[in-house]
Amino acid sequence: MISVDGLRPECVGPELAEAYPGLARLARGPHTLDARCDPDCSITLPNHVSMVTGRPVAGEAGHGWTENTDPPARRHGGALSLRKGSDIESMFDVAHDHGLHTVLVAGKWKFALFEQSYGEDATDQDQIAPDDGKDKIDLFACTPEPVGIVELVLASMRTAASKGKRSLMMVHFPNADFAGHGTGWDLTEGSAYRKSVQAIDEALRHMLSAIDSDPARKGRVAIVLTTDHGGGVPFKSHTDPAAPLNFRIPLLVWLGADSEPVDLYEINASTRTRPPPGERMAAAGAPPIRNADAGNLSLALLGLPAISGSVANAKQDLATAPPTPAGGAAKAP
Ligand SMILES: [Zn+2]
């Protein structure tokens, strides 16, 4: 699961496909440029908590983490279950309990919230034999540069392979958001924002070519790429959750090979409703596709069950292939 912090959907659209061939390649599969961030909140850390837990920010089932600063120490409440007062399971728990190698590479230190919630200080027992331990994130690393992030991802793939394990990784690129806050969500050619996306795109291409040239990985890595929020309202931020530039986001699913681009809403018409342009959600009917769907989607692609207590994509019914002629949703590979 990749989150490109502050990625506007235009960067994945056809107009910029030549500028960003890596992102364009990841759009060679089911995807939408019309997904949504959390309905009430368009800031960074709460939306990433939603991706990891499959919960909205607010409400009874919400994860309730509304802050966007470095978390307090765990002993001062800096952990998701402690804050909520009840257990909040994550995709890392599900994957690690099932014996997978789990990795979080993030570009901002505030992601230490996940290490404090699910890492070595966590207290949740492994639910599924054999016992893989209470530390549900095998590697937590924080580094801002796209090249360094991708090197950590490739090294983690080798580590997982050396253990004979599959892996679930969350990878967060911060640069586009940094550029947006510096000089604005400026999509004109040559802007700092455009250059920052280019640096991420180059790193993604490097990662994809490393996967392509490794027979053990080729065709065996799926990528779910989304973002926490768009940006531009106000111009150098993304704080207004009612602004379309902030809440409209891309969500791409690359299934290990370049295939025909497919509209995610079209193949999920029975369970998701595309919101009208400029709206956060449709007035009635099924919910939109959200970044919070990404956690349970990633687990589904690995053949793993949903996060307990999750709401977004909790039935893991976000399909990545068109319905079969018989009418049932086709299983993802
Ligand atoms: Zn952000």
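1. His229 is buried, at 0% relative accessible area. In this predicted model, His229 is also a ligand of the zinc ion, through NE2. Asp5 is another of the donor residues. Asp5 counts as buried too, because its relative accessibility is 0% and the cut-off for buried is under 20%.

2. The zinc ion has four coordinating residues: Asp5 (OD), Thr44 (OG1), Asp228 (OD) and His229 (NE2). The distances run from 2.0 to 2.1 Å. Is the site tetrahedral or irregular? The site is irregular, with angles of 93 to 142 degrees among the four donor atoms. A tetrahedral label needs all angles between 85 and 135 degrees, so the upper end of that range rules the label out.

3. Along the chain, the donor spacing reads D-x38-T-x183-D-H. Asp5 and His229 tie together distant parts of the chain, 224 residues apart. Asp5 sits in the loop between strand 1 (2-4) and helix 1 (21-26). His229 sits in the loop between strand 6 (223-226) and helix 9 (244-247).

4. Thr44 deserves a second look. It is a zinc donor through OG1, and it is also among the buried residues of helix 2. Helix 2 covers residues 44-53. How many of its residues are buried? The count is 10 of 10, so the helix is mostly covered. Its buried residues include His48, Met51 and Thr53. Gly54 follows helix 2 and has a positive phi, near 70 degrees.

5. Now the sheet. Eight strands form an open sheet with mixed pairing, in the order 4-3-5-1-6-7-2-8. Which strands stand at the edges? They are strand 4 and strand 8 (262-263). Each has a single partner strand, so one side of each lacks a neighbour in the sheet.

6. Strand 3 (residues 101-106) and strand 4 (residues 139-142) are a parallel pair with four bridges. Val105 has Ala141 of strand 4 as its bridge partner. Helix 5 (residues 112-118) joins these two strands in a right-handed β-α-β unit. The loop between helix 5 and strand 4 holds Pro130. The peptide bond from Ala129 to Pro130 is cis, with omega near 0 degrees.

7. The mixed character of the sheet shows at strand 6 and strand 7 (residues 248-254), which pair in the antiparallel sense over three bridges. Leu225 stands opposite Leu252 in strand 7. Helix 11 packs on the sheet here, touching strand 5, strand 6 and strand 7. The direction of helix 11 makes about 170 degrees with that of strand 6.

8. Helix 6 (residues 146-162) lies across strand 3, strand 4 and strand 5 (167-173). It runs at about 175 degrees to strand 5. Helix 6 also meets helix 7: the buried residues of helix 7 pack against helix 6, strand 5 and helix 8 (192-212). Which residues of helix 7 (residues 175-183) are buried? They are Asn175, Ala176, Asp177, Ala179 and Gly180. Gly184 follows helix 7 with a positive phi, near 105 degrees.

9. Some backbone geometry is worth checking by eye. Most residues other than glycine have a negative phi, and most peptide bonds are trans. The peptide bond from Val233 to Pro234 is cis, with omega near -5 degrees. Pro234 is in the loop between strand 6 and helix 9. That loop also holds the zinc donor His229.

10. Two non-glycine residues with positive phi lie in the segment after helix 11: Asn313 and Gln316. For Asn313 the value is about 55 degrees. For Gln316 it is about 50 degrees. Are they buried or exposed? Asn313 is buried, with a relative accessible area of 5%. Gln316 counts as partly exposed because its relative accessibility is 23%, and buried means under 20%.

11. Ala319 lies in the segment after helix 11 (294-301). At 10% relative accessibility, Ala319 counts as buried. Ala319 and Ala269 are 50 residues apart in sequence. In space, their C-alpha atoms are 9.9 Å apart.

Methods: Residues numbered from 1 in each chain as written. Predicted model: local features only at pLDDT ≥ 70, side-chain atom pairs only at ≥ 80, totals over all residues. Heavy atoms only, no water. Donors = N, O, S within 2.8 Å, 3.2 Å for Na, K, Ca; no water. Tetrahedral: all angles 85-135°; square planar, octahedral: opposite > 155°, others 65-115°. Buried < 20%, exposed > 50% of the residue type's maximum accessible area, 1.4 Å probe, protein only. Pairing = 2+ DSSP bridges. Right-handed = clockwise from strand over helix to strand, strands pointing away. Contact = heavy atoms within 4.5 Å. Axes fitted to C-alpha atoms, helices over the stretch in contact; angles between N-to-C directions.
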